[in-house]
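Trainee: I would like to practise reading a structure. Can we go through the terms one by one?

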Amino acid sequence: MAWLLVAAVAIPLALQARALRGRSYAVLSGRTRQAVRREFGRWGKIGATGAVALFFVVALGVPGFGAVSASLLADYGGSFSLTWANYHALFAQTNLAAAAGGGLLSPLERSMVYGIITATITVIGGFIAARLLSKRRTKATGALDFLLLASVALPGVVFGAGYIFAYNLPIASRLGINLYQTATLLVIAYTASSLPTNARVLVGAVSQLQPSLQDAARAHGAGAITAWARGVLPVVSRPIVMAWLFTFCGVFLELPLSQLLYQPGSPPASIAIEDNLSNYHFGVGMAQSVLAVAFALALVGAVLGGYRLLAPAGWRRIGGTVRG
Amino acid sequence: MAEPITIESLGKTYPGGNVALHELSLAVEPGSFLVLLGPSGSGKTTLLRCLAGIERVTSGRITIGQRTVADGRTHVPPDQRDLSMVFQDYALWPHLSARDNVAFALRRRNLSREQCRIRAVQMLARVGLSALAERYPNELSGGEQQRVALARALIADTGLILCDEPLSNLDADLRERMRVEISSLVREAAATTVYITHDQAEAFALADQVGVLEKGRLVQSGTPEQIYTRPATPFVARFTGLAGEMTVRVRERDPDGMVFVEPVLGGGAIDEFSGGVPGRFPVRAPMEELPGETALLMVRPTGVRLNQDERHLAGRVTDVAFRGRGYEHAIDLDGSTRLTGVFAEFRVPRGEVVGLRMDPAGCHLYPAEPSDAQDHLPERAVVGAPES
C-alpha cells in the first residue's frame, strides 16, 4: 500500500518537473518592489470579513468552544455549572505523578522540547534541501526532489511501522544501534516525517533568492558564512521562522508516530491526552488539550513577537506590503 | 593600487560538459579599462565570474598582481581577492539601506561602524545620492540603484573592479548618462577594470582595451580603434557593427595591399547606372586574395556613402530613418543583399535608385565562408556602377 502511495506521487511529480524544467523564480533582490496592498470597498470589506469569520467560526470556533466548554464542565456535561475541577484534577495528578517521578504536565513539556528540537533540525535540513532543489537540476537533486515528495505521500503510521521494523531487528542491536523505544528515535522519526513538507515550504522562498545576493557579499569581502548570514538569511528569515513554527506545531500534538514510537513511561502530550480520553477522563483530557493548544499558541506568539521586536527593520520589510 | 591581470590558457567546463571557456589567454595592464565584448553564450560572464572567484576554473591560471588566484590546484575565494564587482541585477541587499549597502564593502577594511557609515555617505554623495542614503533599494529608481551598486564597488579602493553588464537593465537615455558616470568614477579610482557587455557602442566608448569573445574563445584583443578598423574575423566585424555583407569576386591585387573586387549580386541587381560595366572598387584585405576567387566583403556603415557621381554600386532605398544629425538609409542591391545604416545628411525617398561609393577604410575582405560556396554563385553577376 505504501509503495502504491509513492507511485501515485511519482507520476504528477514527473509531469510537474517536466513542465517546470528550466524555469527561474529568482525574483527576490534589491530591485524587488514591495507588494501594493489594495483596500476593499465597503461591501467588499463586509463580504470578506464575513467569509473569513464564518470559516474560522466553523473550522476553529466550534471545536475550540467545544473543547474549552468540555474542559470546564463537571462530569462531562452531567451538570451545566462551570468549574475548574478538571484543571485542578490535572494539576493534582501532576503533583502526584511528579512525586512518583512522572507527571501529567510533563508530557506537554516533553512535547514542547521534542517540537523545538525537531523544528530546529528540520529547518536547517529543510533549508539545505531547498537550496539544493532550487539550484540547477541534476540527477541527484531530481532524486532528492522525488524522495522528499514521495515521503509526503507516506502516512505517519507507515513511517512508524518502518522504524519499528528497522530498529527492532536483532542486527540493529548487534551493530550497537539501540534506538528502539527511545526518545531519540521518536525525534528522528518526527524529523524524517517533517523534513519533506518543510523543504517544500522553504523551496518556494529559496527559489526566489537571486544568487547574486550571496555572490555580491563574497565579492565585497565577506566569507562564506558571513555572506550567508548577512546577505541571504535576512531575506529569507521570515519564511524560516514560519517553517520553524509550522514544524513545531505539527510535531507538538503529533499522534500516529508518537503512538508507535514513544518511549515507555515518557508519553508526549498527544499520547497523554489520548490516554485520558480513552480511559473516560474526558474533562481532564479536554483540559489537557486546551492547555496544550494554549502552550502552542503562547510559543507561536512569543516567536512572532520576538521576531517583530528583535529583527532589524530591514528584515521585516521583506515580504511586507505598502498601501496602494 | 591597480593590479595587472594575467589569464593563461583558461578553461571552464560546467557539470554536464558545457564548455564555457576554451584555452583563453589575456593580459590586462594595471589601471586599464578592459571591456569583454561578446554575444550571449560567448563566455564573458563566466570569465568575469572566474576572475571574481565565484566560479572555479577547470584549467589554466589567473594571476592578479603577483598572486596566482586560480589554477588547477589553487582557488582563492572571492573575499580574499580584494576586488569589487557591479552586478547586472545590481545585487543590492533588500534589507539594507543604500548607506548600509555601500558600507558593507568596507567591512574588510577593519574600520569602525561609524567610520564605515561616514565614508559610505561620502561615497553616496560622490554618485549624487547623499539625500537618499536612508532609503531601501526598492525605494530607489533603476538608475539610483545602479549608482548605489557603483558606490559599493568604489568605496573599498580595491585594485580591481569587475562590471557585469551593469547598464543592460537601464533605458537608453539613462544608460548613456550612467556610462559616462561609470567611466569617470572608475578612472578616478585608478583601478584595473574588467567590464563585460554585448553592446559594441558601449564597449568602444568605455574601453582602453577590448577583448572580443566567441564561443568561449578570445578571437581578438586590441584598442577599440584596432578592433573597428581591423576586425580579425567576420564574426568580429559582424559583432562590432556592419552596414551589410556581400560575396565579391577578386579581380586584381595591387602592390600596396589593396585588392579590387566586384560584387557578386543576384538577378535582381540594379544596373541602370552600370552601362554594362561591372562595378569594381578597392578594399583592404588581410589575406592573400587571388584574382578570380570569391570572398566575403564586410561593409561598415562608414564604408559606404551615397554618391551619384562617383558611384561603385547602385541600389534602391527601402527604408529611411531620421537620426537627428542626418538620415540612415537601408538600400537593397539585388533583392537579397541589403546595406543598412547608410548615412546622408539629406533624406532620399523610399523607392529611389541611388549610387553608392565604397570607402576602402570601411570595407573588410575575408575568405568566403563555407555557406558561400562558389558552386552556388551565379556565373556572372550584374553589378553596379563602373569604378570611377
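Trainee: How much area do chain A and chain B bury between them?

Mentor: About 2600 Å², with 55% of it on carbon and sulfur atoms. Buried area is the accessible area (1.4 Å probe) that two parts lose on being put together, summed over both. Keep in mind that this is a predicted model: local features need pLDDT of at least 70, side-chain atom pairs count only at pLDDT 80 or more, and totals for chains, interfaces and linings use all residues. Residues are numbered from 1 along each chain as written, chains are lettered from A in the order written, and side-chain values use heavy atoms, without hydrogens and water.

Trainee: How many residues of each chain are in contact?

Mentor: 28 residues of chain A touch 30 residues of chain B. Contact means heavy atoms within 4.5 Å.

Trainee: What makes B:Glu139 and A:Arg317 a salt bridge?

Mentor: The rule asks for a side-chain nitrogen of Lys or Arg within 4 Å of a carboxyl oxygen of Asp or Glu. Here the closest N and O atoms are 3.6 Å apart, so the pair passes. Across this interface the rule finds three salt bridges.

Trainee: Which elements of chain A give two or more residues to the side that touches chain B?

Mentor: Helix 9 (212-219), helix 10 (224-252) and helix 14 (313-317) of chain A. Helices here are DSSP runs (H or I, at least four residues), and strands are runs of E (at least two), numbered from the N terminus. Helix 9 of chain A gives the largest share, seven residues.

Trainee: Why is helix 10 of chain A called roughly antiparallel to helix 13 of chain A?

Mentor: Their axes cross at roughly 170° and come within 11 Å. Axes are lines fitted to C-alpha atoms over the stretch in contact, with angles from 0 to 180 degrees between N-to-C directions. Angles over 145 degrees count as roughly antiparallel, so helix 10 of chain A earns that name against helix 13 of chain A.

Trainee: How do the residues of that helix contact divide by class?

Mentor: Into 15 nonpolar, one polar and one charged. Among them, A:Trp244 and A:Phe248 lie in helix 10 of chain A, and A:Phe295 and A:Leu299 in helix 13 of chain A.

Trainee: How do you know that B:Asp82 and B:Arg108 form a salt bridge?

Mentor: Their N to O distance is 3.8 Å. That is within the cut-off, so the pair counts. The two residues are 26 residues apart, in distant parts of the chain.

Technical notes
Angles under 35 degrees count as roughly parallel, over 145 as roughly antiparallel, 65 to 115 as roughly perpendicular and the rest as oblique. Ala, Val, Leu, Ile, Met, Phe, Trp, Tyr, Cys and Pro count as nonpolar, Asp, Glu, Lys and Arg as charged, and the others, Gly among them, as polar.
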